[in-house]
Amino acid sequence: VRAWLGWLLPRLVQWCRAFSSALAVAALRALGWDLCAEAAVGSVGGRSVLIFHRRDNVVSHQAASLQAALERRGLLEGEPNIRTMEVTCPGPGGWANHDFPLCADETAWTGLLRSVAWALGPQAAE
């Protein structure tokens, strides 16, 4: 029974997360609140930094990450005005916590500061 539960519980949790995500998206769209970040990327002027964590406990990377969507469509390759920053440090208890303070991890904090400096730095004349 333990082995069966060990197999079943992770799958059940995954299904519940997917179902609740789909339900939340449907509810927000029904209320007229649909933020299509993919479509808006082209209209953003200047430089942008996309910060993401593949194991985020709030935003499903494959289902809802702007970085993942742009990567799937090939829109990140060769794009000089978009820089991505992958956060890999785990949050408390091993979770990839959505609200994890990046300043608590030296590598993440240094990466963030460099990315912000790049985004706000001198821009090439258009």
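**Entry 1: Asp99**

I started with Asp99 and its solvent exposure. Asp99 counts as exposed, because its relative accessibility comes out at 63% and the cut-off for that class is over 50%. Note to self: this is a predicted model. I then looked up where Asp99 sits, and found it in the loop that runs between strand 2 (82-86) and helix 5 (106-120). I also checked its distance to Asn57. The two are 42 residues apart in sequence, yet their C-alpha atoms are 9.3 Å apart in space.

**Entry 2: the salt bridge**

How many salt bridges does a search of the whole structure find? I got 1. The partners are Arg54 and Glu86, whose side chains meet with an N to O distance of 2.8 Å. This pair ties together distant parts of the chain, 32 residues apart: Arg54 belongs to the loop between strand 1 and helix 3, and Glu86 belongs to strand 2. I looked up exposure for both ends. Arg54 has a relative accessible area of 40%, so I noted it as partly exposed. Glu86 is at 35%, so it goes down as partly exposed too.

**Entry 3: His53**

Next I went to His53, which lies in the loop between strand 1 (48-52) and helix 3 (61-64). Is His53 buried or exposed? It is buried, because its relative accessibility is 14% and the class takes anything under 20%. I also wanted to know what its side chain reaches. It gets to the backbone nitrogen of Arg55, at 3.1 Å.

**Entry 4: helix 1 and the nonpolar patch**

I moved on to the surface and pulled up a nonpolar patch of about 1,000 Å². Its members are Val1, Trp4, Leu5, Trp7, Leu9, Leu12, Trp15, Phe19 and Leu23. I picked two of these for a closer look.

Trp4 is in helix 1. Its relative accessibility is 52%, so it counts as exposed.

Leu5 is also in helix 1, which spans residues 2-30. At 35% relative accessibility, Leu5 is classed as partly exposed, because that class lies between 20% and 50%. How far apart are Leu5 and Ala18 in space? I read 20 Å, C-alpha to C-alpha, for a separation of 13 residues in sequence.

**Entry 5: recap**

I jotted down the exposure classes once more. Asp99 and Trp4 are exposed. Arg54, Glu86 and Leu5 are partly exposed, and His53 is buried.

Note on methods
Residues numbered from 1 in each chain as written. Predicted model: local features only at pLDDT ≥ 70, side-chain atom pairs only at ≥ 80, totals over all residues. Heavy atoms only, no water. Helix = DSSP H or I, 4+ residues; strand = E, 2+ residues; numbered from the N terminus. Buried < 20%, exposed > 50% of the residue type's maximum accessible area, 1.4 Å probe, protein only. Polar contact = N/O pair within 3.5 Å; in protein donor to acceptor, adjacent residues only side chain to side chain. Salt bridge = Lys/Arg side-chain N within 4 Å of Asp/Glu carboxyl O. Patch = residues over 30% accessible without salt bridge, like charges linked within 9 Å, V, L, I, M, F, W, Y side chains within 5 Å. Areas by Shrake-Rupley, 256 points an atom, 1.4 Å probe, with all protein chains shown as cover.
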